[in-house]
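Visitor: Please take me through the surroundings of the ligand. I would like a close look at that one part.

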Amino acid sequence: MHNGVHKEATAVSNSIKTILSDLETRNSGQPEFLQAVREVLTSLEPVVERFPKYSEMKVLERFVEPERVIMFRVSWVDDDGEIQVNRGYRVQMNSAIGPYKGGLRFHPSVYLGLLKFLAFEQVFKNSLTTLPMGGAKGGSDFDPKGKSDGEVRRFCQGFMTELYRHIGQFTDVPAGDIGVGSREIGFLFGQYKRIANQFTGVITGKGINWGGSEIRPEATGYGVVYFAEEMLATRSEDLAGKRCLVSGSGNVAQYTVEKLIDLGAKPLTLSDSDGFILDPDGIDADKLAYVLELKNLRRGRISEYAERFPRASFTSAGHGASNPLWSVPADCAFPSATQNEVSGVDAQNLVANGVQLVAEGANMPTTPEGVERLMSAKVLYGPGKAANAGGVAVSGLEMTQDIEHLSWTREQVDDRLRHIMRAIHTNVRAAAEEYDRPGDYVLGANIAGFVKVADAMLEQSTV
Ligand code: NDP
């Protein structure tokens, strides 16, 4: 390397190290946020070297500080008449390229650091979709599991009674995530409308008869599979006949399996926090219909699949450093449950058992050690912020339809989703190539997502 260039590289690397160490001091106790930022900032080194304006204008320092954080109390009354208290949040991370947009998560593990990681990732993801959306995330430590419909409704109404003043169709448009599906979106929207006295597209994932979009429930899962197809095509392969591992059994997992079946692949597994099922014959359309009824209507557990289909087995979740789901011999893997569900050991097992592609339906499901192992084994690795962007992309299309008071057909929305996933794939690969790292989807996604937002921030001055 030329001496001057080398000096510049070292200076950038040192300045990123300083930003990261300051961040650790200011955000101790938020490991997921620090993990997400570390991964992104490290891969942005070459772009910051090439364009000193980003350092001079403190763009990275601004990127890692949310524009606004809202934290509030949600009190509600359970079925026994007891008052319950939960914490609600909205992290409005970045609005440089559009109104804040990102899901709501209801899960006992939710705290500020988790939502900051998700909001940070969302900024890059939304930028990659090609649509004008800023990034946010919100939610609560409320656990909908085991709660009655009435309890969930009262909680959602309490949550929205505070959140409503901070959101709006041109300000911040939430959506679903873990624990927030069509039932919760209905309760939340209904309460917003009641308080604001406005019927607007303030939330996405709505029912089809009241402003929702076709394909929104399917979008994340379908999009992940479209992205996987694009990745495989670079090696002149397709999904037909491929044995696939899918984790989770919620929204993303369900529609990932549906699209895999459509394309002739053979999905073998599904899971929830109790463990996973392995169906050696493959999950077909009829079995998937059973899963949808089990999980979405009866709110049952995935272990019941093995009782209904005796050739399938159920394995309880362990607590070790590895999850046996990722040791099942297969060609492709689609982690679709939660963050850090694929450890370094799991990644090693995936590689050892033949996996050539990992496309992330969940956000940050692979630990840094896992990512390292997959990439050094030359596995096609599609990080969540690129591979699962189809969900928010169709949410963006829902916002457009709401504003136009029009509904597009299933075919129209699916066609747009395909185009968007293809464009994300092309842009990510192009960015990786531009920076001499062909095939590096991590670097490509981070750089392509960053540049658009960073340039918008520069043009808008010191905001
Ligand atoms: P759902 O609530 O519909 O399903 C989540 C699934 O993951 C359930 O099977 C759940 O099992 C399992 N799960 C959740 N937390 C854990 C955990 N800590 N350990 C083990 N299993 C767990 O959520 P989604 O399908 O919507 O979301 C799944 C992932 O996809 C998340 O990472 C989310 O951020 C991401 N994502 C979702 C999008 C969307 O449009 N919905 C868009 C982009 C990304 P159990 O029932 O036992 O909790």
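Guide: A polar contact here is a pair of N or O atoms within 3.5 Å. Keep in mind that this is a predicted model. Start with Arg301. One of its polar side-chain atoms lies 2.6 Å from an oxygen atom of the ligand, so the pair falls within the 3.5 Å cut-off. The backbone takes part too. Asn251 places a backbone N or O atom 2.9 Å from a ligand oxygen. Val252 does likewise, with a backbone N or O atom 2.9 Å from an oxygen atom of the ligand.

How much of the ligand is covered? On its own, the ligand has 890 Å² of accessible area, and the protein covers 83% of that. Three elements each give two or more residues to the shell: helix H9 (216–233), helix H10 (251–262) and strand E8 (269–272).

Now the shell as a whole. There are 25 residues around the ligand, and Asp177, Thr220, Ser273, Arg301 and Asn363 come nearest. By type, the shell has 14 polar residues, seven charged and four nonpolar. Domain 2 (68–199) and domain 3 (219–387) each supply at least three of the shell residues.

These two domains also meet in the largest nonpolar core. That core holds 54 residues, and Leu270, Phe334, Leu357 and Ile424 have the most contacts inside it. Helix H9 is the top contributor, with nine residues. The core lies between domain 2 (68–199) and domain 3 (219–387), because both give residues to it. H9 therefore appears twice: it gives residues to the ligand shell, and it gives the most to this core.

Note on methods: Residues numbered from 1 in each chain as written. Predicted model: local features only at pLDDT ≥ 70, side-chain atom pairs only at ≥ 80, totals over all residues. Heavy atoms only, no water. Near = heavy atom within 4 Å. Polar contact = N/O pair within 3.5 Å; in protein donor to acceptor, adjacent residues only side chain to side chain. Areas by Shrake-Rupley, 256 points an atom, 1.4 Å probe, with all protein chains shown as cover. Helix = DSSP H or I, 4+ residues; strand = E, 2+ residues; numbered from the N terminus. Nonpolar A, V, L, I, M, F, W, Y, C, P; charged D, E, K, R; others polar. Domains from an automatic or database assignment. Core = buried A, V, L, I, M, F, W, Y, C linked by side-chain atoms within 4.5 Å. Buried < 20%, exposed > 50% of the residue type's maximum accessible area, 1.4 Å probe, protein only.
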